[in-house]
Amino acid sequence: EVEKIRIKITSLGLTESRITADETIQQLFVECRLNSFLAEETPLSLPKPTGGQRIHYNYSTVINVDREDNHAEREYLKSILLKPDLPADSLKFTVVSDPPEDEQDLECEDIGFAYVSLKEIFQKQRDIIEQDIDVFDSQDANTVIGKLTVTVEALNALRSVHEECKND
């Protein structure tokens with residue numbers, strides 16, 4: 001039961017930016033990535049929200065990190081806890097523009113990134129439940145283009161990995 005990271009992507013709202021102004025950006029989906037292992041994405045792309053509205057994905061996924069079957073993921077979690085200077089200690093959420101049906105020559109384009117630090121969850125001993133996190137512009141990491149509401153339940157898995165580190 002313990003050895004899982006639960007992730008929920010609830011909703012997305014955009015602030016006024018180049019993204020809201022860009023008419024070629026119409027449909028959005030969200031990808032979630034743990035380091036290089038695992039990318040999950042919302043099965044739906046939804047119409048870009050306008051003027052203070054939010055789009056609701058209500059998408060949940062689980063990353064298994066049990067010792068038997070998911071050794072690489074587990075070793076990565078260990079490295080997060082053991083190496084304080086590891087830069088990639090975050091779950092990365094990418095907001096992606098999905099080209100409209102009639103524009104299939106356009107590529108999916110990453111328009112924004114949001115991060116949840118697993119190390120911070122462990123340090124604070126607190127999961128992230130339905131929290132708004134900033135989405136930063138993919139072309140300018142200092143510009144916030146919106147808010148993504150997410151849940152990341154990782155504390156039990158991180159505690160379990162931490163116990164194992166102590167016993168190794």
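**Close-up views of a predicted model**

**View 1. Gln 125, a loop residue with positive phi.** Gln 125 has a relative accessibility of 34%, so it counts as partly exposed. Everything shown here and in the other views comes from a predicted model. The residue belongs to the loop that runs between helix 3 (118–124) and strand 8 (128–137). Look at the backbone here: phi is positive, at about 55°, even though Gln 125 is not a glycine.

**View 2. Glu 130, a strand residue with positive phi.** Which element holds Glu 130? That would be strand 8. Its phi is near 45°, again a positive value in a residue other than glycine. As for its surroundings, Glu 130 counts as partly exposed because its relative accessible area is 37%, which falls between the 20% and 50% cut-offs.

**View 3. Lys 92 and the ring of Phe 113.** Here a charge meets an aromatic ring: the charged end of Lys 92 sits over Phe 113, 4.4 Å from the ring centre. If you're hunting for ring-to-ring partners instead, the count of aromatic pairs in the structure is 0.

**View 4. Cys 32 and Cys 108, with no bond between them.** Why is there no disulfide at Cys 32? The closest cysteine sulfur, in Cys 108, is 17 Å away, which is too far for a bond, given that a disulfide needs the sulfurs within 2.5 Å. Seen from the other end, Cys 108 is in no disulfide either, and the nearest cysteine sulfur to it is that of Cys 32, at 17 Å. The tally for the structure is 0 disulfides. And are these two buried or exposed? Cys 32 counts as buried because its relative accessibility is 3%, whereas Cys 108, at 45%, counts as partly exposed.

**View 5. Helix 4, its span and its buried residues.** Helix 4 covers residues 155–167, 13 residues in total. At 1.5 Å a residue it should span 18 Å, and its end C-alpha atoms are indeed 18 Å apart, so the expected and modelled spans agree. Its buried residues are Leu 155, Ala 157, Leu 158, Ser 160, Val 161, Glu 164 and Cys 165. A handy reminder for reading that list: an α-helix has 3.6 residues a turn, so residues three or four places apart point the same way. What covers the buried residues of helix 4? The cover includes strand 1 (4–14) and strand 9 (140–153), along with helix 2 (71–82) and helix 3.

Notes
Residues numbered from 1 in each chain as written. Predicted model: local features only at pLDDT ≥ 70, side-chain atom pairs only at ≥ 80, totals over all residues. Heavy atoms only, no water. Buried < 20%, exposed > 50% of the residue type's maximum accessible area, 1.4 Å probe, protein only. Phe/Tyr/Trp six-rings, centres within 6.5 Å; stacked < 30°, edge-to-face > 60°. Lys NZ or Arg CZ within 6 Å of the ring centre and 35° of its normal. Helix = DSSP H or I, 4+ residues; strand = E, 2+ residues; numbered from the N terminus. Expected span 1.5 Å × (residues − 1). Contact = heavy atoms within 4.5 Å.
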